[in-house]
Protein chains: 2
Amino acid sequence: MAQRHPDSPLAPTAPGAHLPSADRTGGEVLAAYLGAHAGEFLRALRLGEEDEASAVQLMRGSARRISAALHTYEPLVEAVWAERLRGELGWLNATLSREQQCAVHLARLRSALARLTSDEGGGQARSTMAVGAARAGALLERQLTLVRTRAHSSTLQAFGSSRFHAVADSVALLVSELPLTTAAAAPAPRVLTPLAEAAHRRLVEAAQALPLAVAARPYNGYALRTVLAESPADAGADEAQDAPWHRTRALVRLSRYALEVLDGAAPPPAGSPNAARLHGAARALDRHREAADAAAAVAGAARTPRITPATAYALGVLHTDQRSEVEAARYAFSHMWQGMVPAPAPATAP
Amino acid sequence: MAQRHPDSPLAPTAPGAHLPSADRTGGEVLAAYLGAHAGEFLRALRLGEEDEASAVQLMRGSARRISAALHTYEPLVEAVWAERLRGELGWLNATLSREQQCAVHLARLRSALARLTSDEGGGQARSTMAVGAARAGALLERQLTLVRTRAHSSTLQAFGSSRFHAVADSVALLVSELPLTTAAAAPAPRVLTPLAEAAHRRLVEAAQALPLAVAARPYNGYALRTVLAESPADAGADEAQDAPWHRTRALVRLSRYALEVLDGAAPPPAGSPNAARLHGAARALDRHREAADAAAAVAGAARTPRITPATAYALGVLHTDQRSEVEAARYAFSHMWQGMVPAPAPATAP
């Protein structure tokens, strides 16, 4: 097969298009991956002025992948440098994500309200319930639009900041000046596969610590348990229950990107699911995250002073509906996971 | 096997204890069943003063079975007489059921509130949410206890009424003076099995008209669609959606009792599920009914004037939770039904 040196000029190709080779070093393979995504990042930067939304999406995807690769394959790069760059990419990704997340939550809650008010029985169009639903909808639109507008300002501010230009410079230098360690000189299969395997193992450990058996039973009601328990100031109960799932979501992503880096130059770790299945699992956990965040936004709106009881009732309905979506996403993930990863050996009978 | 003439004095045995015989007439078998349950009814009447709750339960069970048997096997009995008795038994059952239903709804909503407020995150104990939940609970206790007290008065009033004594007299006469038609003189297998089959067919038709394919998909959200749609005056949207399920519940019951009548003297209709499976299906649809009624009680409580937004929020949560239970019961029934009754031949591909 044809080879391409990682230092060669980067064509704006999709990440999967690198040509594999069995005798490249770990450093070369990692550099090719980082270089390709640095290229995407810089392309997004140029796109920024014409199509901001696409540019942000492209930039976030590259930033996440660069950061994930530097995390999983950390022994191949200079540690202090990698950590600093990952910190800056994390800041950028968090800043750029807020606006899109608001849009996602708003769309989700709009469609939930439409679904919950579909009057099949032909009742009166302007009932108290319907008025409450309409007011709840207007309240959420107002609040989330305000947050979104602020997030948009933050995005624009970030793009104009010297901090952002420093990140962009660091990313541009990834192509030519990647600070590799001596470990990176080993053949790709010997050095990359064990690190991908470690990433996969962290995911398996996190997923198996989840209450998967409960979640795999439909209508278990587990995600609803905290709907009326959470304290008004910090939504603590939901968050405590959701955190291990969010952590697993982050690890699914790391596993996906770790496999992308290998790209035929090193074998994937034994027992790791293929990219399509990981992508499916990631989508279930994305939905989990979105529903959990939307539920929290509804709980937040319910703390608005002087809302009417009808508005509050509709918000209670909407909150519960979104927690039920959280439960549904856990159900979906649990079944996907069971099909993806062999169950651990059963404990000996008591 | 030993035989017992249906006119012999009735021992207070369980209905299943009649001795089967292949050469009894349809009328004899039906009379034995009616006589046994008339005996239970009269036993409940004597028990009434010591243990009212058990007496009511026993009496309702007998009244339902007598009425169901007279319905399914109507061609064997004098039609006008049967219809009048069924009307009176229906009145009695409805009157006696209200108190118990209130108790069931209250217990269901109490446990739902406890479940929804189980604070796993260790939030503040007296948050706004928790206060709202407590107030919603107190409101429901107050309203349902009031309804229950009224229902109890109605029960006592019914027991003292001349209408009730007339029903009891009619039931007592079932043992000795059952007005059978000439059709009742035919052998039990020839006359009872086709009627049981017709009852089963009515059930199959009703069940297959239900949206079983949707209901069999977990988290389909169908039962939640009307949560915010229903008009405040009549809860019309929920009811329109639930009615076919309630009707199927009644037909499951008729099928169960139709099989009880046969009791070995006539073969059960081909393809009818056994009693245990019908009982399981009946329980799923009982749960459907209870959750639907509890949801309606919550919607009713939300129409109380001058409730606080926090109370209204908790009621919105509770309403949605109970509609989610409705969905779960439909899911359970759909899966039971698929295991119980062979699917109809698929339509030819378009």
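This report walks through the contacts between two chains, then the salt bridges and the aromatic rings. Keep in mind that you are looking at a predicted model.

**Where the chains meet**

Let's start with the contact between chain A and chain B. Chain B puts 51 residues into the contact, and chain A puts in 51 residues as well. Together the chains bury about 4100 Å², with 65% of that on carbon and sulfur atoms. On the chain B side, the residues that lose the most area to chain A are Tyr219(B), Leu228(B) and Tyr313(B), which together make up 22% of what that side buries.

How many salt bridges are there between chain B and chain A? The count is zero. There are polar contacts, though: seven residue pairs across the interface of chain B and chain A, with both residues at pLDDT 80 or more. If you want to trace the chain B side by eye, look for the elements that give two or more residues to it: helix H3 (79-116), helix H4 (128-159), helix H8 (236-262), helix H9 (275-302) and helix H10 (309-340) of chain B. H10(B) gives the most to that side, with 14 residues.

Now pick out one residue of chain A, Ser324(A), which sits in helix H10 of chain A. Is Ser324(A) buried or exposed? With a relative accessible area of 13%, Ser324(A) is buried, because buried means under 20%. Leaving aside residues up to four places away in sequence, Ser324(A) touches Leu224(A) and also Tyr219(B). That second partner is a familiar name: Tyr219(B) is among the residues of chain B that lose the most area to chain A. You can also check a distance from here: the C-alpha atoms of Ser324(A) and Ala292(A) are separated by 9.5 Å, and these two residues are 32 apart along the chain.

**Salt bridges**

Side chains of opposite charge can pair when their charged atoms come close. Over all chains, the structure holds 20 salt bridges. Here are some of them, with the distance from N to O.

| Salt bridge | N to O distance |
|---|---|
| Glu88(A) and Arg163(A) | 2.9 Å |
| Glu141(A) and Arg110(A) | 2.6 Å |
| Arg289(B) and Asp293(B) | 3.2 Å |

Take the pair Glu88(A) and Arg163(A), which meet in a salt bridge. Glu88(A) is in helix H3 (residues 79-116) of chain A and Arg163(A) is in helix H5 (residues 162-176) of chain A, so the pair ties together parts that are 75 residues apart in sequence. Glu88(A) counts as partly exposed at 24% relative accessibility, and Arg163(A) counts as partly exposed at 37%.

The salt bridge of Glu141(A) with Arg110(A) also starts from two helices. Glu141(A) lies in helix H4 (residues 128-160) of chain A and Arg110(A) in helix H3 of chain A, so parts that are 31 residues apart in sequence are tied together. Glu141(A) is partly exposed, at 26% relative accessible area, and Arg110(A) is partly exposed too, at 44%.

Over in chain B, Arg289(B) and Asp293(B) sit four residues apart in helix H9, so about one helical turn separates them. Arg289(B) counts as partly exposed at 30% relative accessibility, and so does Asp293(B) at 22%.

Salt bridges can link up as well: Asp242(A), Arg323(A) and Arg330(A) are joined in a network of them.

**Rings, and charges over rings**

Arg163(A) turns up again here. Its charged end sits over the ring of Trp91(A), 4.2 Å from the centre. In chain B, Arg163(B) lies over the face of Trp91(B), at 4.2 Å from the ring centre.

What about rings paired with rings? A search of the whole structure finds nine aromatic pairs over all chains. One of them is Phe333(A) with Trp337(A), a stacked pair at 5.7 Å centre to centre and 25° between the planes. Both residues lie in helix H10 (residues 309-340) of chain A, four residues apart, or about one turn of the helix. Phe333(A) and Trp337(A) are both buried.

Compare that with Phe159(B) and Phe164(B), an edge-to-face pair at 5.2 Å centre to centre, with 75° between the planes. Phe164(B) counts as buried, at 2% relative accessibility.

Finally, look back to where the chains meet: Tyr219(A), Tyr331(A), Tyr219(B) and Tyr331(B) form one aromatic cluster.

Methods: Residues numbered from 1 in each chain as written. Chains lettered and ligands numbered in written order. Predicted model: local features only at pLDDT ≥ 70, side-chain atom pairs only at ≥ 80, totals over all residues. Heavy atoms only, no water. Phe/Tyr/Trp six-rings, centres within 6.5 Å; stacked < 30°, edge-to-face > 60°. Buried < 20%, exposed > 50% of the residue type's maximum accessible area, 1.4 Å probe, protein only. Lys NZ or Arg CZ within 6 Å of the ring centre and 35° of its normal. Contact = heavy atoms within 4.5 Å. Buried area = accessible area lost by both parts, 1.4 Å probe. Salt bridge = Lys/Arg side-chain N within 4 Å of Asp/Glu carboxyl O. Polar contact = N/O pair within 3.5 Å; in protein donor to acceptor, adjacent residues only side chain to side chain.
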